[in-house]
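Trainee: I should like to learn how to read the features of a protein model. May we work through one together?

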Amino acid sequence: LFLDGELRQSGPAFVAVVPKAENLTCRDRFSSDFARLGLIARVGSVAGDPVGRIPAETAALLATAGKFPNRSGLPVVTAGEHEQELLPKLLAANLLRPEWYDAKLDIYRSSTGQIELDAGRASFRVNTPSCEVLILPERLNGKGERFSVRNRTGRGVFAALSVESVSLNQSRRILLLHLTDVLPTRMKFADGRMNRLEAWGTAPLLAARGEAEVTLELPEAKTFRVYALDITGQRLDEMKTTLQDHRLTFEAKVFHPGGIVFAYEAVR
């Protein structure tokens, strides 16, 4: 995904300044908000004097462990390990835009507008001209620029990728993915948190059930036909589609009469 390089680098950068590199250990940590800031902008760190060692697009320096010499002229914001208000501070100082971070809904958007994490609803979205991805929990809908999903059953990863080196609007072949969880038979975990594995399990691999309504919104939608693919990429059968304006819709089901289906091919 996204090997075409269409995901743009975020504009603003924020640099965490560590006064000294000596005696640092793996126990030394930045604020948890610092990691969340990385969902919006570029983040990095520097030990010692930051002058001449930070990106030209740096918007602010983050003080992680007390004061440091600041000859850069950039604003300095406190961001120690236990700092829990870093993002609100940056918003209040107009160093972040309101559309990049919604504290009430727990939504983070990259400054380019291409990536969005909705932590409150456990969903994720990425858009580029030739590839769109949605990660959705059960019974949640998602929408990109040319690709939308009504997810009905099971958590799923959905994607629309141009097979050719052109945008989705121009492509004559589009690969559509509907991925659910896959685990070996009799794999065993210690408890429902599934963070300690007790048995690897055996073949065959078992796929989680997934059902969703998938829509492509394209200028030439009426000319497309959609085929279900098996796990080797071979066509199984043509899918029944409905057309409304420039929107082509079909029902995606992992449990298909011809076997497990994680992928579809739309061609014109």
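**Strands, core and pocket**

Mentor: Let us begin with one strand pair in this predicted model. Strand 7 (residues 115–118) and strand 8 (residues 123–128) run antiparallel and are joined by 4 bridges. Within this pair, D118 has S123 of strand 8 as its bridge partner.

Trainee: In which order do the strands of the open sheet of 10 strands lie?

Mentor: The order is 5-6-7-8-9-12-13-25-19-20, and the pairing is antiparallel. Strand 5 (101–102) and strand 20 (235–238) are the edge strands, each pairing on one side only.

Trainee: Which residues have the most contacts inside the largest nonpolar core?

Mentor: That core has 25 residues, and those with the most contacts inside it are F147, V149, I174, L176, L216, F250 and Y264. Among the strands supplying at least two residues each are strand 9 (131–136), strand 11 and strand 25 (263–267). Apart from this core lies another, of 19 residues, including F14, L90, L95 and W100.

Trainee: What is V149 in contact with, leaving aside its neighbours within four places in sequence?

Mentor: Its contacts include L134, L136, F158, A212 and V214.

Trainee: How does one find empty space, and how much lies in the largest pocket?

Mentor: Rolling a probe the size of a water molecule over the atoms shows where empty space is left. Here, the largest pocket holds about 280 Å³ of space. Its lining has 18 residues, with S148, E213, T215, R247 and T249 nearest the centre.

Trainee: Which strand gives the most to that lining?

Mentor: Strand 11 does, with 4 residues. By character, the lining divides into 3 nonpolar, 8 polar and 7 charged residues.

Key: Residues numbered from 1 in each chain as written. Predicted model: local features only at pLDDT ≥ 70, side-chain atom pairs only at ≥ 80, totals over all residues. Heavy atoms only, no water. 1 Å grid on protein atoms, 1.4 Å probe; cavity = no way out; pocket = protein on both sides within 12 Å on 5 of 7 lines; lining within 4 Å. Points joined across faces, edges and corners; volume = space filled by probe spheres on them. Nonpolar A, V, L, I, M, F, W, Y, C, P; charged D, E, K, R; others polar. Core = buried A, V, L, I, M, F, W, Y, C linked by side-chain atoms within 4.5 Å. Buried < 20%, exposed > 50% of the residue type's maximum accessible area, 1.4 Å probe, protein only. Contact = heavy atoms within 4.5 Å. Pairing = 2+ DSSP bridges.
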